[in-house]
Amino acid sequence: MVDGCNRGGMAEEARRQPVGDVLEFAAETVDAADVRRNPPWQILIVDDDHEVHAITRVVLGEMTFEERPVRFLSAYTARQARSLLAENPGIAAILLDVVMETDDAGLKLVRHIREEMGNRQIRIILRTGQPGQAPERQVIAAYDINDYKAKSELTAQKLYTATVAALRSYQHIATIERGRQGLERVMEAAVHLAGLRSRSQFLAGLVGRASALVTNATTALLCGAGENGGVAILAEAGLPADPPAEAVADIAAALAAAPGDGQVRWGVRHGVAVLRGRDAAPLALCLLGGPFAEGDRPLLELLCTKAAVGLDNLRLYERLNEAQVATVHALGKLAEYKDEVTGDHVKRLGRWATAIARELHARGDFPQELDDWFCDTIGLASVLHDVGKVGIPDAILRKPGRLDEAEMAVMRDHASIGGSILRDACGGDRRGYLSMGAEIAESHHEKFDGSGYPRGLVGDAIPLAGRIVAVADVFDALLHRRPYKKAWDIAEVLDLLRAESGRHFDPRVVDAFLAVLTREGAGV
């Protein structure tokens, strides 16, 4: 491997090691913080000659590169090397012999590393004492190796030079790969955060993604301005920890910085970046742990930039949602103004409709239609089920007795009127309170057997929201007094629901509602 002048007594010392034993060196006391800050480069020696291992360790044992020492791992067969590679994914370079247990064991190991393991980062220096067995030109062309050395020409200086070049190349490739992976995680985090529709979920998701993004981060804190100029922690992830005084000072400085200051503030064990939106107070994202890599800084800045845009979009979504809720309440008040029994009825109806939807969801029914959004929306959307009554004359709407056939025909128009009003109002939005309200208004008087109105829909052709509200509406309407009827006993109402299951009502919805009533002790 090295020339004779470099071997001397060290080679003789290596020869005295029993065959099959690994040459071990005395353990040194190493500070844990120094190891984290400057972890050693791992170099794997793969050679069936024990002397080669010993001399390599002696020649390179004191070597440092970029203020990091080297740590050697030894394998005497390609099979041992495979095990070490699997157990130590951070190996930077391999000094690899060609001829070991077989004439091409080293070359097969190269193929295993590059093709089966998919490891393109590790640098491979092929060393051979039999160049004729593995001709350089053929090996370089056919195998993904980074250097080829005959042992007879490999002096101590050349070995050092080749190793430094391999480590530098590995460092550059690893830096590029970490940056690529970091960018992927940032973009994945941005997509994830963009799908969240509550501020608490967004903040929790942000600190969770941040703690997983940055190397050696143990804790992520999202902070805002507190009372009396202090700092308030809004969300945290990772290991519980209080920020040190210098981190608190950097958080306060970030929150008070001028709008154009997007600089990340780094300390020995913390990093602070600011999220600054268009129309809200800035937030500071603080990471604790370390030591942090230089490449972590731009990733943290990019994450905060994406998160700030996400927060702005979330505020716009919240305002849009608030506007829809206000519209629903206004339309509900309009219907209540026309029909004095509507007020308390719609509140109870919304509660029952939500409970039925959640019960169906828990059972796994209607998986293509039922989701969290549906369950969160149907309660408020059901407020609009009778909004079409604004178009019904008061003489019919408030008549104390039963309606005749002509009056009933007019009354039935309220379903179509309500659907038309709400469809015009929702503007084509298919995922909102008004669009679901339009479905409910049009379909809650349809019957499962097709005998309902206004369109005579049958079974699953009736929108699910309409089928749910139909059951809750009839239940509550019969259970309470109306101008044209007395209140029914709950046992009578439940008997009717069971009798009409499969005719007026969807049987699955009735079963779910009965389960809800049983759970709540409603006399089922």
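This report walks through a few spots in a predicted model: one helix, one glutamine, some backbone oddities and a cavity.

## Helix H8 and Phe202

Let's start with helix H8, which covers residues 199-213. Its 15 residues stretch 21 Å from the first C-alpha to the last, close to the 21 Å expected at 1.5 Å a residue. A good part of the helix is tucked away: Phe202, Leu203, Gly205, Leu206, Val207, Ala210, Ser211 and Leu213 are buried.

Phe202 is worth a click. This residue of H8 has a relative accessible area of 0%, so it counts as buried. Which residues does Phe202 touch, once its neighbours within four places in sequence are set aside? The contacts are Leu193, Leu196, Ala307, Gly310, Leu311 and Leu314. Take Leu314 from that list: it sits 112 residues away from Phe202 along the chain, yet the two C-alpha atoms are 8.6 Å apart.

## Gln324 in helix H10

Next up is Gln324, part of helix H10, which runs over residues 296-338. Is Gln324 buried or exposed? Its relative accessible area is 16%, and the cut-off for buried is under 20%, so Gln324 is buried.

What does the Gln324 side chain reach? It comes to 3.0 Å from the backbone nitrogen of Tyr433. Tyr433 also shows up in the contact list of Gln324, together with Asp429, Gly432 and Leu434, when neighbours within four places in sequence are left out. If you want to see where this partner belongs, helix H15 spans 433-443.

## Two cis peptide bonds

Now for the backbone. The bond that joins Gly290 to Pro291 is a cis peptide, and its omega is near 0°. You'll find Pro291 in the loop that links strand S11 (283-289) to H10, the helix that also holds Gln324.

Another cis peptide bond leads from Tyr453 to Pro454, this time with omega near 10°. Where is Pro454? Look in the loop between helix H15 (433-443) and helix H16 (464-479).

## Two residues with positive phi

Asn216 isn't a glycine, but its phi is positive, near 65°. The residue belongs to the loop between H8 and strand S7 (217-225). With a relative accessible area of 36%, Asn216 is partly exposed.

Phe366 is another non-glycine with a positive phi, here about 50°. Its home is the loop between helix H11 (342-363) and helix H12 (372-381). Although Phe366 is in a loop, its relative accessible area is 10%, so it is buried.

## A cavity and its lining

Rolling a probe the size of a water molecule over the atoms shows where empty space is left. How many cavities of 30 Å³ or more does a search of the whole structure find? The search turns up 2, and the second largest holds about 30 Å³ of space.

Which residues line that second largest cavity? The lining is made of Glu446, Lys447, Phe448, Ile462, Arg467, Ala470, His504, Phe505 and Asp506. By type, the lining breaks down into 4 nonpolar, 1 polar and 4 charged residues. To locate part of this lining on the fold, note that helix H16 takes in residues 464-479, and that Arg467 and Ala470 are among the lining residues.

Terms used:
Residues are numbered from 1 along each chain as its sequence is written. This is a predicted model: local features need pLDDT of at least 70, side-chain atom pairs count only at pLDDT 80 or more; totals for chains, interfaces and linings use all residues. Side-chain values use heavy atoms; hydrogens and water are left out. Helices (H or I, at least four residues) and strands (E, at least two) are DSSP runs, numbered from the N terminus. Buried means under 20% relative accessible area, exposed over 50%, partly exposed in between (1.4 Å probe, protein chains only). A polar contact is a pair of N or O atoms within 3.5 Å; within protein, one must be able to donate a hydrogen and the other to accept it, and residues adjacent in sequence count only if both atoms are side-chain atoms. Contact means heavy atoms within 4.5 Å. On a 1 Å grid over the protein atoms alone, a cavity is a set of points where a 1.4 Å probe fits but cannot get out, and a pocket is an open set with protein on both sides within 12 Å along at least five of seven lines; lining residues have an atom within 4 Å of a point. Grid points are joined across faces, edges and corners, and a volume is the space filled by probe spheres set on the points. Ala, Val, Leu, Ile, Met, Phe, Trp, Tyr, Cys and Pro count as nonpolar, Asp, Glu, Lys and Arg as charged, and the others, Gly among them, as polar. The expected span of a helix is 1.5 Å times one less than its number of residues.
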